[in-house]
There are 2 protein chains.
Amino acid sequence: MTGLPSIEKDFAQWYQEVVYQAELADQAPVRGCIVMRPYGYALWEEIQKYLDIKFKETGHQNAAFPLLIPLSFLQKEAEHVEGFAPEIAVVTHAGGKKLEEPLVIRPTSETIIHHMYARWIRSWRDLPVKLNQWCSVVRWEMRPRPFIRTTEFWWQEGHTAHETEAEAKQEAEQMHQLYHNFVQNILAIPAIAGVKPEHEKFAGADATYTIESMMRDGKAVQMCTSHRISQNFARAFDMKFQDKNGQIAYPYLTSWGCTTRLIGAMIMTHGDQKGLVLPPAIAPIQVVIIPIWKNETKEQVFAYVNNLANQLKQYCRIHVDTREHETPGAKFYEWELKGVPLRIEVGARDIAANIVTMVTRHSGEKKTVDLSICAQNITADLEQIQQDLFKQAQKRQDEKTIKTEALLQEFGPELQEKNGFFNVGWDGDPKAIDALKQYQGTIRCVLPSNNTTRCFFSGKPSKFDIIIAKSY
Amino acid sequence: MTGLPSIEKDFAQWYQEVVYQAELADQAPVRGCIVMRPYGYALWEEIQKYLDIKFKETGHQNAAFPLLIPLSFLQKEAEHVEGFAPEIAVVTHAGGKKLEEPLVIRPTSETIIHHMYARWIRSWRDLPVKLNQWCSVVRWEMRPRPFIRTTEFWWQEGHTAHETEAEAKQEAEQMHQLYHNFVQNILAIPAIAGVKPEHEKFAGADATYTIESMMRDGKAVQMCTSHRISQNFARAFDMKFQDKNGQIAYPYLTSWGCTTRLIGAMIMTHGDQKGLVLPPAIAPIQVVIIPIWKNETKEQVFAYVNNLANQLKQYCRIHVDTREHETPGAKFYEWELKGVPLRIEVGARDIAANIVTMVTRHSGEKKTVDLSICAQNITADLEQIQQDLFKQAQKRQDEKTIKTEALLQEFGPELQEKNGFFNVGWDGDPKAIDALKQYQGTIRCVLPSNNTTRCFFSGKPSKFDIIIAKSY
């Protein structure tokens with residue numbers, strides 16, 4: 001174990017080292033790819049477990065579509081192929097032969113799913129179709145960063161087809177809301193919900209809803225997106241149905257997804273100089289118990305710890321670190337690095353007093369608790385930590401969010417040097433987008449509000465409130 | 001809806017039609033690939049749920065390794081590349097450029113996982129490593145058949161590394177036993193546990209344990225395999241550790257897996273002329289309730305059915321089919337096709353008598369049950385069906401298993417014409433394997449017993465008891 005680089009001075013290097021040292025992931029021998037190690041994958045399992053239940057509660061079913069897509073499918077929707085062509089991985093040979101038509105490893109599955117929907121949907125009675133799949137996708141990545149941008153990443157992609165535009169809109173907005181709640185309540189990450197401006201939409205979509213969060217360094221991460229695809233793809237894939245009036249119609253479509261980059265965002269939101277800080281709702285281990293013993297007290301300490309563990313495991317996910325070849329100090333260091341929300345230390349003195357010593361990861365606060373009430377209070381303790389983490393992140397985001405009517409040349413240098421969110425007005429003119437680039441800024445989202453008066457670029461009357469930030 | 005082909009006269013066609021008509025899967029637009037539709041995927045989810053718990057109970061953790069493997073990795077273990085080379089799909093271009101080294105879509109992940117293990121394992125303290133991943137793999141398939149053989153298929157692959165050969169053997173045997181219990185108790189499929197003969201082993205393994213089951217037509221399906229890979233791969237990937245004595249040693253390895261072909265085996269074991277028959281332990285819907293109403297009784301029937309559904313859902317997975325545009329007869333047909341173990345019909349006459357009508361899918365048995373005891377008895381009803389299905393399949397397997405000391409030329413024609421399992425002796429001479437081919441027979445497994453006296457091919461003294469069958 002070595003220490004971590006300074007989180008203040010070299011955030012990028014700190015991030016990379018946390019990912020590797022906490023054994024969340026490792027570099028794979030293929031450029032831009034990672035291996036999700038058990039501790040990192042356990043985080044993804046918790047995310048999957050939570051979302052999968054929510055998806056099913058809202059009437060979605062899981063399915064599995066092929067990994068390989070004929071190249072010609074991508075070409076059916078003009079904007080779609082333009083968006084993805086530079087990133088695709090192409091299979092040209094298989095079974096010992098050159099293929100007649102190259103196959104693409106899915107960068108996303110709209111094309112193949114819509115092809116199948118066109119076969120399955122015949123009548124309004126077949127609608128809505130609401131499917132989701134958990135899988136990995138491949139987009140060739142030039143600037144990889146573990147979890148945040150990798151050539152292969154894991155995600156879920158929901159794809160739905162509806163009779164009316166209103167229903168499709170409701171679906172996309174429902175998923176947008178579901179993601180927003182998830183990010184805030186489970187990942188404890190404050191998030192801004194808005195829509196993407198025209199030039200940042202999903203390739204081929206009518207509208208893209210987005211959830212944007214601020215990382216510790218003031219840059220933005222796009223957390224989850226939901227798209228209204230309306231009828232573009234339905235026409236491209238000849239997906240037709242007979243409506244209630246006996247007329248032939250095209251369904252309205254949506255797609256929505258979130259990826260393993262959520263793990264990266266969690267690290268970059270809550271982490272500190274000691275390493276990971278995991279919100280209890282998602283932590284694979286919520287409480288770690290460290291018995292501290294000498295040869296003569298070992299039996300007594302282990303009995304006490306086993307009793308405690310048996311009580312606690314009804315309420316939370318626990319781990320007892322009984323390794324003999326590591327010192328308690330080395331264990332403290334390791335579980336702090338791995339971000340376990342609560343650590344319980346038990347030594348001979350605790351036993352004599354019938355207490356346990358409890359240390360909160362994010363605050364470092366240390367307290368002693370009577371053994372008799374430790375287990376029954378643990379749920380409330382963890383809930384408090386969950387709320388504290390959210391508040392701490394919210395405070396940081398508020399401090400680094402500047403609401404301004406200033407023009408780009410005035411606030412641009414601050415954006416470039418100090419990062420942060422800039423809440424400004426925009427008249428919708430795309431010229432502003434290029435101008436932003438010189439400060440490395442991007443329009444993260446258009447807000448539902450409209451409180452600004454002038455455009456940050458042209459100075460003309462504002463049409464939208466937007467968030468500008470540098471992004472990952 | 002159209003009827004199914006005759007299960008007796010054209011089993012292959014029957015199988016294909018059941019898969020498509022019951023909406024388990026559909027053909028994908030890439031040769032040899034399928035789409036797992038929600039009903040088929042739900043079966044896979046049930047399989048995953050059960051096995052994942054068992055894997056974790058036995059100390060395994062999940063992880064995710066990359067889909068893409070450098071071609072050179074496959075070449076490190078000579079037997080391995082020979083086994084897989086003809087089946088691989090190769091990515092030659094990505095990110096708009098030709099790759100310097102081609103990448104292979106994983107046909108199995110030993111090579112990339114062992115490469116990572118070599119980085120992670122330094123000392124005996126790092127052992128054992130016991131990981132599993134749920135994913136899909138690609139092997140180019142010339143004779144595809146949905147679920148049974150597809151170019152892309154979904155599976156789990158466990159990969160473990162151990163300090164001693166004894167531990168690795170214990171691990172492989174533990175997983176072999178776990179699979180055997182799963183196949184028999186959950187899928188209700190009788191299964192023979194044995195080891196593969198030398199020429200049928202996993203490419204590069206020392207020993208392959210297998211579970212073989214007989215389908216309705218008398219052919220065999222290999223259900224799950226567990227491999228002892230010993231030190232071959234560890235040497236190929238330079239996976240070394242310092243043992244307790246300070247010496248450099250190579251770990252002993254295992255791998256084990258089962259695939260979506262289990263779904264195919266379930267269909268081919270339990271299905272009948274009406275379609276699927278699903279064992280309750282794995283059925284996504286265990287009980288379907290069909291309300292039968294006229295306009296004037298609708299309210300009353302729906303209230304009765306809702307009350308029943310609320311009682312039942314504490315005990316089992318239920319679905320209430322309230323569709324208005326389908327007749328009860330069409331619904332009976334559909335849920336029989338989809339193999340739901342129990343159907344409950346509720347009409348006005350049932351309500352008057354305070355009963356429900358219950359129809360068992362596999363036997364067609366129809367009985368009336370008092371509403372007051374329906375819910376509390378449902379677990380026992382489903383358990384009985386589970387046992388009946390196993391017994392029915394066991395009876396069929398017994399009837400089609402011939403234990404004989406006859407020579408190949410005597411029983412070969414029967415094997416070729418009528419299928420079935422032939423329990424015979426073998427002296428281990430590989431010449432027998434080629435001779436078997438003329439009758440389309442293969443050695444499915446070597447049994448733990450040794451009761452035979454002479455070899456089915458040479459007539460010399462037998463060394464092994466084996467099972468011979470045609471296989472999928």
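Two residues are in contact if their C-beta atoms, placed from the backbone, lie within 7 Å. The model is predicted, with local features requiring pLDDT of at least 70 and side-chain atom pairs counted only at pLDDT 80 or more, while totals for chains, interfaces and linings use all residues. Residues are numbered from 1 along each chain as its sequence is written, and chains are lettered from A and ligands numbered from 1 in the order in which they are written.

**Exercise 1. The chain interface**

Describe the side of chain B that touches chain A, and state how β5(B) pairs with strand β5 of chain A.

Solution. Start with the totals: 43 residues of chain B are in contact with 43 residues of chain A. Next, find the main contributor on chain B, which is strand β5 (residues 89–94) with 6 residues; strands (E, at least two residues) and helices (H or I, at least four) are DSSP runs, numbered from the N terminus. Then sort this side of chain B by class: 27 residues are nonpolar, 9 polar and 7 charged. Here Ala, Val, Leu, Ile, Met, Phe, Trp, Tyr, Cys and Pro count as nonpolar, Asp, Glu, Lys and Arg as charged, and the others, Gly among them, as polar. Finally, look at the pairing (at least two DSSP bridges between two strands). Strand β5 (residues 89–94) of chain A and β5(B) are antiparallel, with 5 bridges. A:His93 has B:Val90 as its bridge partner.

**Exercise 2. A sheet and its helices**

Give the strand order of the open sheet of 5 strands in chain A, and place helices α9 and α12 on it.

Solution. The order is β16-β15-β17-β18-β19, with mixed pairing. At the edges are β16 (318–320) and β19 (366–370), each pairing on one side only. From one strand to the next, the twist averages 25°; axes are lines fitted to C-alpha atoms, for helices over the stretch in contact, and angles run from 0 to 180 degrees between N-to-C directions. Within the sheet, β17 (residues 342–346) and β18 (residues 355–360) of chain A pair in the antiparallel sense over 4 bridges, and A:Leu342 stands opposite A:Thr360. Now add the helices. Helix α9 (residues 298–312) of chain A lies across β15 (287–291), β16, β17 and β18, at about 170° to β15(A). Helix α12 (residues 371–399) of chain A touches β15, β17, β18 and β19, and its direction makes about 140° with that of β19(A).

**Exercise 3. Domains of chain A**

Characterise the contact between domain 1 and domain 3 of chain A.

Solution. An automatic or database domain assignment supplies the bounds: domain 1 (25–270), domain 2 (287–385) and domain 3 (401–469). The C-alpha centres of domains 1 and 3 lie 28 Å apart. Each of these two domains gives 14 residues to the contact.
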